[in-house]
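The following exercises concern backbone geometry and surface exposure. Each task is followed by a solution in steps.

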Amino acid sequence: MARVHEVLEQVRMRDPERVTQSYPIQLSGGMRQRILIAMALLSEPKLLIADEPGTALDVTTQAQILKLLKDLVEARGLALLMITHNLGVVRETSSHVYVMNKGVVVEQGPTAQIFGAPKDQYTRDLIAAVPRLTGGMAFGTAVTGQGARP
């Protein structure tokens with residue numbers, strides 16, 4: 001139990017003793033996500049796979065979880081494979097991107113390269129579909145199957 005408490009503290013969980021005595025319904029979404037990360041860390045992995053780590057979390061908690069993952073990667077020397085449909089998360093947290101369409105990798109490369117000059121039409125469509133807070137489309141011109149629109 002001491003090791004469990006230690007790892008819960010590493011994922012910035014307050015009061016690990018209380019948490020280990022709680023039912024999931026008594027914990028917030030962010031707390032449950034931290035527990036899942038802690039469970040994965042117990043085996044001292046070299047690769048951490050995070051499938052939609054921010055889903056169902058508010059923006060603030062999502063940012064905390066993503067920062068925690070980044071800090072764990074740096075502190076433990078982990079490799080992180082993040083599976084997500086959230087292109088904002090991809091752009092801000094990844095060094096390398098694989099874009100998949102129907103289970104097939106259609107484009108891959110450094111994040112800046114993929115977002116700066118996507119070669120595949122599906123990748124361009126995904127990037128163009130991200131709405132901007134200020135209106136219009138994010139990351140540049142909207143692209144459709146017929147070509148670029150102003």
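**Exercise 1: Backbone of a loop residue**

In this predicted model, E52 is found in the loop between β1 (47-51) and α4 (59-76). Determine the sign of phi at E52 and classify the exposure of E52.

Solution. Step 1: phi of E52 is near 50 degrees, hence positive, although E52 is not a glycine. Step 2: for context, most residues other than glycine have a negative phi. Step 3: the relative accessibility of E52 is 22%. Partly exposed covers the range between the buried limit, under 20%, and the exposed limit, over 50%, so E52 is partly exposed at 22%.

**Exercise 2: A further positive phi**

Locate A56 among the elements, state the phi of A56, and decide whether A56 is buried or exposed.

Solution. Step 1: A56 lies in the loop between β1 and α4. Step 2: phi of A56 is near 70 degrees, a positive value in a residue that is not glycine. Step 3: A56 has 80% relative accessibility and therefore counts as exposed, the cut-off being over 50%.

**Exercise 3: A nonpolar surface patch**

Which residues make the nonpolar surface patch, and what is its approximate area? Which elements give two or more residues to the patch?

Solution. Step 1: L47, I49, L81 and I83 make the nonpolar patch, with an area of about 360 Å². Step 2: β1 and β2 (79-83) are the elements that give two or more residues to this patch. Step 3: L47, one of the patch residues, lies in strand β1. Step 4: because its relative accessibility is 46%, L47 counts as partly exposed.

Terms used: Residues numbered from 1 in each chain as written. Predicted model: local features only at pLDDT ≥ 70, side-chain atom pairs only at ≥ 80, totals over all residues. Heavy atoms only, no water. Helix = DSSP H or I, 4+ residues; strand = E, 2+ residues; numbered from the N terminus. Buried < 20%, exposed > 50% of the residue type's maximum accessible area, 1.4 Å probe, protein only. Patch = residues over 30% accessible without salt bridge, like charges linked within 9 Å, V, L, I, M, F, W, Y side chains within 5 Å. Areas by Shrake-Rupley, 256 points an atom, 1.4 Å probe, with all protein chains shown as cover. Salt bridge = Lys/Arg side-chain N within 4 Å of Asp/Glu carboxyl O.
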